[in-house]
Amino acid sequence: MNNSMYKRVCILGLFSLLVACGGGGGGDDSSSSSAASDNSSTAASTTSGTDTSSTTDDSSSGITTTDSVDDEPVSTTDDEQAAVDVESLSNLFVGSENELLSEYTLFVGIDTGYSDRAYVSICEEFVTKDEGGYKVDYDTCLIRGPLNEGVLVTDLVLGTAQQELIVAIWTFDGSQPAYYVWRYDENLTNQSLMIN
């Protein structure tokens, strides 16, 4: 009877182990999908001299990859070498004068001299009209608000890709806004947008 009990405990233990590990059947989705992709992929290998190529086609995902190893040096043109150099970060050279900044601060100083109410918009996107003037995308404004006695003094933090802005100053006398275009000046250390 002791031997029979031992057999039952062993069988029960093995059964529990199989159930806990997936039991060789369905299991989790990742193991079955990788098994399915292994079954549907085909591999071909070609060897000639020192060149070894292998192509794998995974028809379930529509991906074909080709790996090639060649022990002989391949001659490249200057254009091809430049493309290789660009792709490799180990060959990247950055001059000591480049601070690798992704943003900069723009000082904004506006003093219109208006004692009447005025409103300012500083926006990123605009186009110059053929007949003159500007078409401003007011959804891209960084600042929209009233001037305090015709004055606005603030700092804007801009990404280095932002090279120009448009300023529209509105007065409440019914006239068209006054437009000012600011452009990044690479010769200046500190950028500023001044309107007097």
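In strand E12, the residue Leu193 is the bridge partner of Val108, and this single pair is a useful place to enter the structure, which is a predicted model. The pair belongs to a longer arrangement, since E4 and E12 pair in the parallel sense over 5 bridges. Strand E4 also pairs with E9, this time in the antiparallel sense and over 9 bridges, and within that pairing Asp111 stands opposite Val151 of E9.

Stepping back to the whole chain, the reader can count 3 helices and 12 strands in its secondary structure. Of the 196 residues, 19% count as buried, while the accessible surface comes to about 14,900 Å², with 51% of that area belonging to carbon and sulfur atoms. Among the contacts in the chain with a separation of 6 or more, 51% are between residues that lie 24 or more positions apart.

The buried part can now be followed in more detail. In soluble globular proteins, nonpolar side chains tend to be buried together. Here the largest nonpolar core holds 18 residues, and the members that touch the most others are Leu106, Ile110, Val120 and Ile122. At least two residues of this core come from each of the strands E4 (103-111), E5 (118-123), E9 (151-159), E10 (164-171) and E12 (191-195), and E4 gives the most, with 4 residues. Ile110 shows what such membership looks like from one residue: leaving aside residues up to four places away in sequence, Ile110 touches Val120, Ile122, Gly150, Val151, Leu152, Val167, Ile169 and Ile195. Another core, of 5 residues, lies apart from the largest one and includes Phe126, Val136, Cys141 and Ile166.

Ile169, one of the residues touched by Ile110, leads on to another pairing, for Ile169 stands opposite Ala178 in E11. Strands E10 and E11 (residues 178-183) run antiparallel and are joined by 6 bridges. Together E10 and E11 form a hairpin with 6 residues between them, and in the turn Gly174 has a positive phi of about 90°.

Finally, some nonpolar residues are found at the surface, where Leu89, Leu92, Val94 and Leu100 make a nonpolar patch of about 440 Å². Leu92 is located in the loop between helix H3 (78-87) and E4. Is Leu92 buried or exposed? Leu92 counts as exposed because its relative accessible area is 58%, and the cut-off for that word is over 50%.

Conventions. Residues are numbered from 1 along each chain as its sequence is written. This is a predicted model: local features need pLDDT of at least 70, side-chain atom pairs count only at pLDDT 80 or more; totals for chains, interfaces and linings use all residues. Side-chain values use heavy atoms; hydrogens and water are left out. A nonpolar core is a set of buried Ala, Val, Leu, Ile, Met, Phe, Trp, Tyr and Cys residues joined through side-chain atoms within 4.5 Å. Buried means under 20% relative accessible area, exposed over 50%, partly exposed in between (1.4 Å probe, protein chains only). Contact means heavy atoms within 4.5 Å. Two strands pair if DSSP finds at least two bridges between them. Patches are made of residues with over 30% relative accessible area and no salt bridge: like charges are joined within 9 Å, nonpolar side chains (Val, Leu, Ile, Met, Phe, Trp, Tyr) within 5 Å. Accessible areas come from the Shrake-Rupley method with a 1.4 Å probe; for residues, only the protein chains shown count as cover. A salt bridge is a side-chain nitrogen of Lys or Arg within 4 Å of a carboxyl oxygen of Asp or Glu.
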